[in-house]
Amino acid sequence: MPKTNTVLTFPAPGTRIGPVRNYSDDQQDKIAALRQYADTQLLPETDAYHTWELRWLNQPDTMPRYMRAAKWNLDDAKKRLRNTMLWRREFKPDLIPPDEVKIEAETGKIILTGFDNDGRPILYMRPGRENTQTSPRQLRHLVWWLERAKDFMPPGQESLVIIVDYKSCTLRTNPSISVASKVLTILQQHYVETLGRALVVNLPFILNFFYKGISPFLDPVTRDKMRFNPDLLELIPKKQLDADFGGSYEFEYDFEKYWEQIVSFCGVAPDGTRIEKFDTQVAMVQSSSEERVAPAGNEAAAGGETLSPAEELRYETFLLSRSRLRY
């Protein structure tokens with residue numbers, strides 16, 4: 001493929017979005033009970049953050065993710081959800097202005113582009129491109145990208161892939177164990193069931209101690225999702241994988257072009273606000289079909305499969321959700 005600055009914002013044609021989750025009657029009752037509990041904890045309408053908290057609670061994956069993380073223990077799920085609601089009220093992850101974290105993105109130390117075989121968006125992390133000193137803004141930068149990865153998720157997808165590339169990373173540019181533990185706390189406690197895979201590549205021997213240092217902060221679920229130096233082409237379509245890792249996607253990082261594409265596609269306003277015009281329709285899309293296929297536009301999917309009118313409508317609704325209103 002020729003070199004390009006274009007961000008891949010949709011999975012490869014014909015991608016089956018997965019895993020598909022089917023819940024028993026008992027599990028559905030617990031999901032509903034958790035939502036009822038959440039409504040009792042909701043901020044009053046007079047609070048400026050009420051709209052954004054409600055928007056997060058209304059996302060079709062929020063309650064199921066917290067129930068799965070709690071292994072279907074309703075009391076535990078309530079505690080987890082309550083803690084995240086308190087964290088979000090303070091951190092306001094969905095209202096981070098782009099300009100607040102823009103400087104952190106100048107070198108491309110975190111890049112969002114492409115999707116794996118199951119339609120999970122890929123977040124590339126390259127510690128060797130670190131360009132700033134340790135500060136709270138670095139954490140807000142990471143959270144900003146987690147929110148953007150959520151924006152990239154096609155209907156039915158609830159998780160992402162993180163590829164951590166240690167090529168050219170040094171002891172100076174590698175994050176400290178303290179910073180890494182804070183990142184893991186946010187990911188494991190407030191983005192539960194959002195990590196689909198964590199793939200670590202080009203890890204030098206000298207940094208093995210780093211993973212030994214953060215090991216106590218890894219919960220068993222996260223640890224099970226980590227793979228070291230895997231064959232990425234077994235997990236990601238060649239045309240979706242950065243050429244640096246054996247794919248054919250010859251992506252050239254031009255910061256201003258890249259940043260404009262991300263902010264535009266995700267509909268992030270300068271003040272950080274963003275509200276999807278068709279939230280209700282998208283929620284219906286994400287909860288309605290058991291099997292989802294990523295189309296090539298509105299044409300036939302790869303492998304000779306043709307999208308049904310219902311599938312076309314579902315994906316068109318997803319595309320329409322990229323039209324935003326802002327306050």
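In the predicted model, Lys92 lies over the face of Tyr49, at a distance of 5.3 Å from the ring centre. Lys92 comes just after helix α4 and adopts a positive phi of about 50 degrees. A second pairing of charge and ring involves the residue that precedes this position, for Arg140 lies over the face of Phe91, at 4.9 Å from the ring centre.

Helix α4 itself covers residues 74-91 and comprises 18 residues, with a span of 25 Å from its first C-alpha to its last, close to the 26 Å expected at 1.5 Å a residue. At the start of the helix, a side-chain oxygen of Asn73 comes to within 3.1 Å of the backbone nitrogen of Asp75. The buried residues of α4 are Ala77, Leu81, Thr84, Met85, Trp87, Arg88, Arg89 and Phe91. An α-helix has 3.6 residues a turn, so residues three or four places apart point the same way.

Two of the buried residues of α4, Thr84 and Trp87, are among the contacts of His190, which also include Tyr66, Asn83 and Thr185 when neighbours within four places in sequence are left aside. His190 is located in helix α7, which spans residues 177-190, and it counts as buried because its relative accessibility is 7%. The side chains of His190 and Thr84 are joined by a polar contact of 3.0 Å. His190 is also brought towards Arg80, the two C-alpha atoms being 8.1 Å apart in space although the residues are 110 apart in sequence.

Arg140, placed over the ring of Phe91, also takes part in the surroundings of Val101, a residue of helix α5 (residues 98-101). Val101 is buried, with a relative accessible area of 0%. Beyond residues up to four places away in sequence, Val101 touches Ile96, Arg137, Arg140, His141, Trp144 and Trp259. The C-alpha atoms of Val101 and Arg140 lie 7.1 Å apart, with their positions 39 residues apart in sequence.

A search of the whole structure finds 16 aromatic pairs. In one of these, the rings of Phe115 and Phe152 are classed as stacked because their centres are 6.3 Å apart and their planes meet at 20 degrees. This pair links distant parts of the chain, with Phe115 in strand β1 (residues 110-115) and Phe152 in helix α6, 37 residues apart. Both Phe115 and Phe152 are buried. The pair formed by Trp145 and Trp259, in contrast, is edge-to-face, since the ring centres are 6.1 Å apart and the planes stand at 80 degrees. Here too distant parts of the chain are linked, Trp145 belonging to helix α6 and Trp259 to helix α10, 114 residues apart. Trp145 and Trp259 are likewise buried. Both residues belong to a cluster in which ring pairs link Trp144, Trp145, Tyr249, Phe251, Tyr253, Phe255, Tyr258 and Trp259; among these, Trp144 and Trp259 are also touched by Val101.

Two loop residues were examined for their surroundings. Gln157 is placed in the loop between α6 (136-152) and β3 (160-165), and it counts as buried because its relative accessibility is 4%. A polar atom of the Gln157 side chain lies 2.8 Å from the backbone oxygen of Asp118. With residues up to four places away in sequence not counted, Gln157 touches Ile17, Gly18, Asp118, Gly119, Arg120 and Pro121.

Asp271, by comparison, lies in the loop between α10 (255-266) and β6 (275-276) and is partly exposed, with a relative accessible area of 45%. The side chains of Asp271 and Thr273 are joined by a polar contact of 2.7 Å. Leaving aside neighbours within four places in sequence, Asp271 is in contact with Leu95 and Pro97, and its C-alpha atom is separated by 7.6 Å from that of Pro98, 173 residues away along the chain.

With regard to confidence, the mean pLDDT of the chain is 83, and 76% of its residues reach 70 or more. Over residues 277-290, however, the pLDDT is below 50, and this stretch has 24 contacts in the model beyond near neighbours in sequence. Residues 297-327 also stay under 50 in pLDDT, and for these the model has 66 contacts beyond four places in sequence.

Definitions and conventions:
Residues numbered from 1 in each chain as written. Heavy atoms only, no water. Helix = DSSP H or I, 4+ residues; strand = E, 2+ residues; numbered from the N terminus. Expected span 1.5 Å × (residues − 1). Buried < 20%, exposed > 50% of the residue type's maximum accessible area, 1.4 Å probe, protein only. Polar contact = N/O pair within 3.5 Å; in protein donor to acceptor, adjacent residues only side chain to side chain. Contact = heavy atoms within 4.5 Å. pLDDT = per-residue confidence, 0-100. Phe/Tyr/Trp six-rings, centres within 6.5 Å; stacked < 30°, edge-to-face > 60°. Lys NZ or Arg CZ within 6 Å of the ring centre and 35° of its normal.
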